[in-house]
Amino acid sequence: MATTEKTATVAVKPGEERLVSIEVVYRGIFQKTLAQRICRGVVLASRRRNYTGTAFARYGDSPERNGVPAKQFAVVAPTDLELEAGMAKYEPAVVDVSVAVDDTLVKGIESWAWYGRQPIWKPVRDNGFVLVTSNSTPDELVQQTDKAERPYTLAVVPGGASFAGLWVYKDDHTDYRVLGALARLLPDWLPIEDVKASIRESTKDEARVVSVQFGYDNVRTREVKKGEGTDAHEKLQFEKPGWTKMREGIIVEARKPGERNPFYKKYTARTLRPVVNFDTCIKCTMCWLDCPDECFEVTPSGHYEVVYEACIGCGICAQVCPVKDCIVMVDELKFTDNTDKFVLYDKQPDAYRQWFTEMTGLPAIGSDKPAATGGD
Amino acid sequence: MATIIEKGQDAVSSQIEVEALVTGCEAIAEAIRLADVDVMAAYPIRPYDGVMQAAAKLIADGKMDVEYIVADGEHSQFEIVKHACAVGARVFVGSSGVGWFYAMEAIAVTGGLRLPVVAICGNRALDDPGAFGTEHNDSLAVRDLGWLMPWAETAQESLDLALMAWRVGEDKRVSLPVAIGLDGAFLTHSQTIVKIPTQDAVNKFLPKYDLGNRLLHPDNPITIAPQVDQDWLMEIRRQNDAAMRRAQDVIREAHADFKRLFGRGGDNPFLDEYMTDDAEYVFFGQGTLALPMKVAIRRLRAQGHKVGLVRLKWFRPFPTADIVKSLLRFKAIGVIDRDYSFGSPNYGGVLYHEVRSALYSQPKRPVVLSFIAGLGGREIDQNMATQIFEKTKQAAEKGSLDQGDTCTWIGVRE
Ligand code: SF4
Ligand code: SF4
């Protein structure tokens with residue numbers, strides 16, 4: 001009903017559909033409304049010159065889990081007909097811009113909605129953009145992104161990750177700054193004047209328009225060449241079997257006791273990671289008992305070490321640990337891999353203590369001394 | 001540029017048609033508001049629950065006044081509206097997938113009772129396993145039970161078909177329930193620009209619900225659904241059948257009125273044809289699969305192929321006359337089903353068997369092929385569209401299909 005044959009022949013020449021796709025990669029629940037506001041903002045701003053669009057969430061991400069990476073999208077086209085090429089999909093196969101609204105997402109993302117860990121640039125087209133809200137520099141962020149398979153531009157709009165809850169929204173203008181930055185990256189699709197006019201009209205608040213301009217003015221960019229980035233991150237990819245290969249009766253192998261799931265690891269949900277001071281640990285088992293993801297393994301010496309591949313960074317272990325600063329939550333961007341650190345403590349305790357101090361900013365105190373002198 | 005509003009905020013007071021960026025579910029909620037529904041019953045299951053949330057928000061924001069009853073399950077949900085409908089309330093209800101099946105006992109009797117309940121089935125694969133994507137077997141399970149069954153392609157069409165649903169279902173010549181099919185995710189959860197009509201225009205289109213002397217009320221002592229036996233049931237079924245047959249003309253009438261008032265709806269109430277004027281073969285299907293197929297058609301046309309699409313808008317009543325008239329113009333019809341009928345005559349889709357049956361009495365028939373695609377909500381991409389096209393084209397050139405080669409599964413991993 002929406003389109004007729006007549007508009008088809010007038011508006012678009014066959015095979016000439018033009019559209020622009022933007023994805024927002026975000027932390028499930030905490031940034032859901034933020035992602036939605038950015039995507040809606042893109043479509044509504046482009047409507048000002050009679051372009052049309054669609055905004056939607058990656059269906060398989062829902063119901064969202066706290067912190068688990070998820071995606072929402074905005075697809076804009078000059079006409080309804082051209083937009084059809086962007087509809088009835090779960091996600092665009094190729095995007096012009098991937099927006100990460102938490103900079104720890106540049107380390108790669110594993111979600112409920114897809115299989116394996118994806119580099120942040122995975123769907124970004126050749127010479128497209130990865131736009132990150134961050135207080136780090138583009139150079140620092142490139143160190144943590146997967147080695148680029150094709151060139152893209154890394155853009156940073158200043159600001160920390162804006163987290164809220166399921167029922168509340170933290171209205172700190174992150175959405176407006178991102179919309180301003182997008183206008184800078186896609187001037188042909190999202191002219192800054194349209195974005196400002198759209199925000200002015202819908203919010204009637206000049207402060208928000210100022211934030212749009214701030215994002216536009218302060219976005220920093222850096223070209224990333226093919227091959228730049230790190231190859232320290234795990235490759236986590238799967239082949240999906242065909243119907244003749246699958247077990248009949250909707251059955252999959254269960255994990256045996258003690259085995260961890262090799263197909264779904266969840267660590268990309270982490271923004272902070274627990275670092276354990278094995279010197280001050282009193283081996284009380286609380287972390288081991290209370291970790292919701294059963295991340296702790298007992299070492300032969302009776303310590304409790306974190307299996308970082310399984311840890312979602314919820315911070316519960318740090319909360320329940322009775323010893324001050326024995327488990328410290330540290331910014332995930334400071335780490336470059338998931339290797340288990342107890343081996344280091346076991347073999348070279350001093351090297352471990354040095355590492356602990358470097359990561360946490362706290363003195364590593366020997367187990368013979370009380371922990372009370374640890375920094376706050 | 002029409003006025004853009006945020007999710008219907010000002011639509012309530014607006015005197016001009018406004019636009020909103022809304023999902024298919026939110027568009028349905030706008031239709032509930034515009035139809036001035038009296039009672040709706042809710043119980044959450046994805047993707048239908050998007051309507052539940054959108055309607056609840058309209059009520060909470062003071063934009064809609066409807067008795068919103070959260071039931072203890074889908075069975076009660078459909079019972080509640082059935083009863084409300086009998087006492088003169090305009091009603092809305094909906095569900096998805098297995099929730100729809102849980103309500104089946106209530107759904108099964110609503111047609112016979114001739115109560116114009118309007119429901120949506122947010123199409124979803126049947127669990128197990130827990131798949132949320134669109135598949136049409138949930139809606140199709142009620143195809144023989146006396147429900148009218150329109151299917152939408154876009155959020156706009158969802159709103160429009162919902163208004164049509166109350167108008168046609170409540171018409172005294174029909175008085176049947178309506179189950180609107182909406183593809184899960186692609187339609188229910190994707191926001192697009194939708195025109196929200198004014199209350200005045202809707203009032204012109206949609207008369208007040210009036211059950212007449214069938215109203216259950218102390219002033220009108222009647223008993224609905226007394227015990228009957230073999231002495232009565234065939235006559236009841238035959239009445240049901242007559243109502244369903246009458247629905248065709250009522251839909252035509254309503255469609256003409258809708259088009260006059262709102263300027264939308266296409267030329268034919270039952271079929272939406274795309275690039276068929278000179279087509280030699282066409283794709284045939286319902287719901288959102290029309291979107292990727294239209295993109296494919298433009299691509300294939302650029303390569304010189306005379307291909308088009310016929311999209312079915314009402315599965316019940318099945319518009320046989322319109323289908324015959326339309327499809328006899330082509331050499332081959334590739335019917336794409338987002339459903340499957342295990343063990344059916346040609347091991348094919350439900351829609352395919354219906355189309356084939358509709359054409360059977362014609363002396364010269366096009367070749368009809370069955371394609372099973374997009375089950376469980378799998379995206380229909382351009383490669384799949386090309387496969388469907390190639391097979392359909394070959395059949396058109398050959399004029400027949402090999403024995404046992406009637407149905408092709410598209411995009412299934414071997
Ligand atoms: S932060 Fe601690 S409690 Fe939470 S998942 Fe990681 S190890 Fe377990
Ligand atoms: S909770 Fe703290 S003290 Fe207790 S075992 Fe775990 S790390 Fe050691």
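Reader: How many residue pairs are in polar contact across the interface of chain B and chain A?

Author: This is a predicted model in which local features need pLDDT of at least 70, side-chain atom pairs count only at pLDDT 80 or more, and totals for chains, interfaces and linings use all residues. Residues are numbered from 1 along each chain as its sequence is written, chains are lettered from A and ligands numbered from 1 in the order written, and side-chain values use heavy atoms, without hydrogens and water. A polar contact is a pair of N or O atoms within 3.5 Å; within protein, one must be able to donate a hydrogen and the other to accept it, and residues adjacent in sequence count only if both atoms are side-chain atoms. With both residues at pLDDT 80 or more, the rule finds 17 pairs.

Reader: Which element gives the most to the side of chain B that touches chain A?

Author: Helices (H or I, at least four residues) and strands (E, at least two) are DSSP runs, numbered from the N terminus. Among the elements of chain B that each supply at least two residues are strand E9 (190–196) and helix H10 (290–302). With six residues, the most comes from H10(B).

Reader: Good to know! Which residue of chain B stands opposite A:Phe56?

Author: Strand E2 (residues 52–57) of chain A pairs with E9(B) in the antiparallel sense over three bridges, pairing being at least two DSSP bridges between strands. Opposite A:Phe56, in E9(B), stands B:Ser190.

Reader: And which residue forms a salt bridge with B:Arg298?

Author: A salt bridge is a side-chain nitrogen of Lys or Arg within 4 Å of a carboxyl oxygen of Asp or Glu. The count between the two chains is three. With the closest N and O atoms 3.1 Å apart, the partner of B:Arg298 is A:Glu84.
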